[in-house]
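The following exercises are to be worked with the sequence and the model at hand. Each task is followed by a solution in steps.

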Amino acid sequence: MIKEKSLLRSFFGTAGLQLIGRGLTVITGILFARTLGPEEFGRYSFVLSVIAFAVLPAVAGIPQLIVRETARYVADQQHALMLGMWQWSNRYILALSVLSMIVLYGLVYLDIWPSSMGILIVSALILIPFKGMLARQTAIINGLRRPELAQFPMLIIAPLIALCIVGYLFLSGYQLSSQRLIYIQLTTHALGVVLSYLLLKHVAKGVTVSSKAQFQVKRWQKTLLPFTVLTIVGTMNNELATLFLGILGSEEAIGYFKVAMQGITLLALGLQAVNTVSGPRIAGLYKQHKIEETQKLLTQSVKLSVLSSVPFALLLIIFGEELVSLLFGRDYLPAASLLTILCVGQIVNVCMGSVGLVLNMTGNERSTLRAQLITLALTVVLLLTLIPLFQATGAAIAVSVGLVCWNVIMAFDVYRLTGLKTWIRV
């Protein structure tokens, strides 16, 4: 029987580290935005979105594959195959990271972007292998059932170090710029790689044995494909608005949009925390055909998500201008209207519950992919249509409409395939 007190304890305990880390990330984003101003912050945000796309060939699907296979190999005492997969994933990520760096440098050389943007992108190229190594090492630690250690380097340590560096530079009178923030990102990622490597050595020494690595590359590549597609489509849905604003809009528009997204990041914390806690439980209960208990868990989860997110969303809608001005400065006031639009989509997202999680945990990943592809196509059409006309406002409308569409399609699929109702009910 699922106890509500148990869910609450897990929500505030197991997911506590994630909540703290996300909060630190938002605080860092606020400080960056205030320090740089809309145009410079927009340029910095655009470069990070370009890097997020460039790293996809190296990491898309790899973390999910490593987590699942590592957990299985540990349970089956197949240490040789586990070591082989770790070695193969290392070579795979490094090779594709180098290839992505070469391709991205070639695009800069061809003057795809303005020279000021190109210089920033070249400065950030080394982030690609850093992000790849972090994804691999974090996934291995996760697969060894130490999720709290896995997320510690980049969720807690990295934003803390970034805050300290920016604070020191600010107090020392240095003029902060997008270029210096790129260097800070390089520093925190490098430290994250080192720290996660040390944590991995600590965690892995208790499960690995001296054995020659064995490889099943064909099976790993075949298993990797669906994970890769899901990751690519998901990342495109998250980053396309920034990328299209950089191409069709202005740098200031990117800055306003990214500031509004900071508020949405906070709104999503409740749902993300609930998903972290309830995901394994949903999978276990559904596999045991305990439909009533699964439904009760989903009902409790969506209520907790709504209670932790919707009041804050209403606060952002009502006092958006005051909060934007207080946290980011009056230069970012145009972001308040974007925040309202994005909050409407996020309220629907929270009220519909853990739709994607339920589909994935019940073996219906194809339905998740179908919904993501439909949403991606709709979002692209809306971005291409609305950004030239309304700049950042058009991007916000496109993102919110896509999010609502995604939730409605998947909630219907969950009910059709499992009989479960994920949405909030009175």
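**Exercise 1.** Determine which helix holds Leu 342, and decide whether Leu 342 is buried or exposed.

*Solution.* In this predicted model, Leu 342 belongs to helix H15. Its relative accessibility is 4%. The cut-off for a buried residue is under 20% relative accessible area, so Leu 342 counts as buried. As for its surroundings, the C-alpha atom of Leu 342 lies 7.7 Å from that of Ala 260, although 82 residues separate the two in sequence.

**Exercise 2.** Check whether the span of helix H15 agrees with its number of residues, and establish how far the helix is enclosed.

*Solution.* Step one: H15 covers residues 335–351, a run of 17 residues. Step two: the expected span is 1.5 Å times one less than the number of residues, which gives 24 Å for H15. Step three: the end C-alpha atoms are 24 Å apart, in agreement with the expected value. Step four: 12 of the 17 residues are buried, and H15 is therefore largely enclosed by the rest of the structure. Among these buried residues are Leu 338, Leu 339, Cys 343, Gln 346 and Asn 349. Finally, Gly 353, just after H15, adopts a positive phi of about 85 degrees.

**Exercise 3.** Identify the residues of the nonpolar surface patch of about 800 Å², and state which helix gives the most to the patch.

*Solution.* The patch is formed by Leu 99, Val 103, Tyr 105, Leu 107, Tyr 109, Leu 110, Ile 112 and Val 122. Helix H6, residues 79–109, makes the greatest contribution, with 5 residues. Leu 107 lies in H6. Patch residues must have over 30% relative accessible area; the value for Leu 107 is 32%, and Leu 107 is classed as partly exposed.

**Exercise 4.** Describe the second largest pocket: how much space lies in it, and which residues line it?

*Solution.* The pocket holds about 200 Å³ of space. Its lining consists of Arg 68, Thr 223, Pro 226, Phe 227, Val 229, Leu 230, Glu 365, Arg 366 and Leu 369. Two or more lining residues come from each of helix H11 (217–248) and helix H17 (365–390). H11 supplies the largest share, 5 residues.

**Exercise 5.** Locate Thr 35 and classify its accessibility.

*Solution.* Thr 35 is part of helix H2, residues 16–36. With a relative accessibility of 23%, Thr 35 counts as partly exposed. Its C-alpha atom is 21 Å from that of Gly 21, a residue 14 positions away along the chain.

Technical notes
Residues numbered from 1 in each chain as written. Predicted model: local features only at pLDDT ≥ 70, side-chain atom pairs only at ≥ 80, totals over all residues. Heavy atoms only, no water. Helix = DSSP H or I, 4+ residues; strand = E, 2+ residues; numbered from the N terminus. Buried < 20%, exposed > 50% of the residue type's maximum accessible area, 1.4 Å probe, protein only. Patch = residues over 30% accessible without salt bridge, like charges linked within 9 Å, V, L, I, M, F, W, Y side chains within 5 Å. Areas by Shrake-Rupley, 256 points an atom, 1.4 Å probe, with all protein chains shown as cover. Salt bridge = Lys/Arg side-chain N within 4 Å of Asp/Glu carboxyl O. 1 Å grid on protein atoms, 1.4 Å probe; cavity = no way out; pocket = protein on both sides within 12 Å on 5 of 7 lines; lining within 4 Å. Points joined across faces, edges and corners; volume = space filled by probe spheres on them.
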